[in-house]
Amino acid sequence: MIPDYDQQLLSPVTDQVVVFVKRHASGPIIEIGAGDGRWVRALRDAGLTIRGFDPWSSGDGVETGDHLEAAKADGTTLLAIWPPDGPLVQAWIGSKVWDRIILGYQRGRLNFDHALDSYEMVDDLLEGGGKKGPYRIQAWRRVPS
Ligand SMILES: C[S@@+](CC[C@H](N)C(=O)[O-])C[C@H]1O[C@@H](n2cnc3c(N)ncnc32)[C@H](O)[C@@H]1O
């Protein structure tokens, strides 16, 4: 169940997305741009190993640090939910070699596809919740070179 306050947010952590992340994460998860830490806490409660980083947020469970700091942490799955618009997310993706990347975003389509050149999309879910309506969550897997 989503708490009532979560319904007001843009990217609520629904049961469906928790299942999605559990299915597609491989190894420890690093969340970049973890915001208030809702995703870190919900995924930890669901039994996943996850660390969340954000330079400007001090939510419970969130460590202070940008994507470069986050990339130094031990983790093989990148989680980025509703990253800032613009090219920054390309730097997040490129900050290390990830086995899996899970991206949530509000726009109709990705505008940074080339950052994912060495990854293939394995799943794509349109999540119904959120103050501005549905948001997408996609899972990508690294293609062995
Ligand atoms: C639109 S918010 C999304 C927050 C959260 N993921 C959510 O879904 O509620 C984007 C977040 O990215 C963070 N951010 C911006 N630049 C960053 C960087 N270089 N490294 C890590 N996080 C960054 C911001 O502080 C902000 O919390």
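A residue is called buried here if 20 or more other C-beta atoms lie within 10 Å of its own, exposed if 12 or fewer do, and partly exposed in between, with C-beta atoms placed from the backbone. Helices (H or I, at least four residues) and strands (E, at least two) are DSSP runs numbered from the N terminus. The model is predicted, so local features need pLDDT of at least 70 and side-chain atom pairs count only at pLDDT 80 or more, while totals for chains, interfaces and linings use all residues. Residues are numbered from 1 along each chain as its sequence is written.

**The whole chain**

Begin with the protein chain in cartoon view, where 5 helices and 7 strands can be picked out; from the N terminus on, these elements run α-α-β-α-β-β-α-β-α-β-β-β. Of the chain's 145 residues, 34% count as buried. Two residues are in contact if their C-beta atoms, placed from the backbone, lie within 7 Å, and among contacts with a separation of 6 or more, 53% are between residues 24 or more positions apart.

**Helix H2**

Select residues 15–24, which form helix H2, and colour its buried residues, Val17, Phe20, Val21 and His24. Viewed down the axis of H2, these residues fall within an arc of 95 degrees, so they line one face of the helix; the arc is that of the directions from the helix axis to the C-beta atoms. An α-helix has 3.6 residues a turn, so residues three or four places apart point the same way. Turn to the face away from the buried side, and the exposed residues Asp15, Val19, Lys22 and Arg23 appear. The cover over the buried residues of H2 includes helix H3 (38–45), S4, S5, strand S6 (119–127) and strand S7 (135–142).

**Strand S1 and its partners**

Next select S1, residues 29–32, where Ile29 and Glu31 on one side and Ile30 and Ile32 on the other are all buried, so that both faces are covered. In a regular strand the side chains alternate between the two faces of the sheet. Strands are said to pair if DSSP finds at least two bridges between them, and S1 pairs with strand S2 (residues 50–54) in the parallel sense over 4 bridges. Within that pairing, glutamate 31 has glycine 52 in S2 as its bridge partner. The chain passes from S1 through H3 to S2 in a right-handed β-α-β crossover, meaning that, with the strands pointing away from the viewer, the path from the first strand over the helix to the second runs clockwise.

**Strand S4**

Add residues 77–81, strand S4, in which 5 of 5 residues are buried: Thr77, Leu79 and Ile81 lie on one side, Leu78 and Ala80 on the other. S4 is joined to S1 by 3 bridges in a parallel arrangement; in S4, threonine 77 is the bridge partner of isoleucine 29, and leucine 78 that of isoleucine 30. S4 also runs parallel to strand S5 (residues 100–105), with 5 bridges between them, and isoleucine 81 stands opposite glycine 104 in S5. The route from S4 to S5 goes through helix H5 (residues 88–94), and this β-α-β crossover is right-handed.

**Tryptophan 82 and the ligand**

Move on to tryptophan 82, in the loop between S4 and H5. Its phi is near 50 degrees, a positive value in a residue other than glycine. Most residues other than glycine have a negative phi. Tryptophan 82 is partly exposed, with 19 other C-beta atoms within 10 Å.

Finally, show the ligand with the 17 residues around it, of which Ser11, Gly33, Gly35, Asp66 and Ile81 come nearest; a residue is near a molecule if its C-beta atom, placed from the backbone, lies within 6 Å of it.
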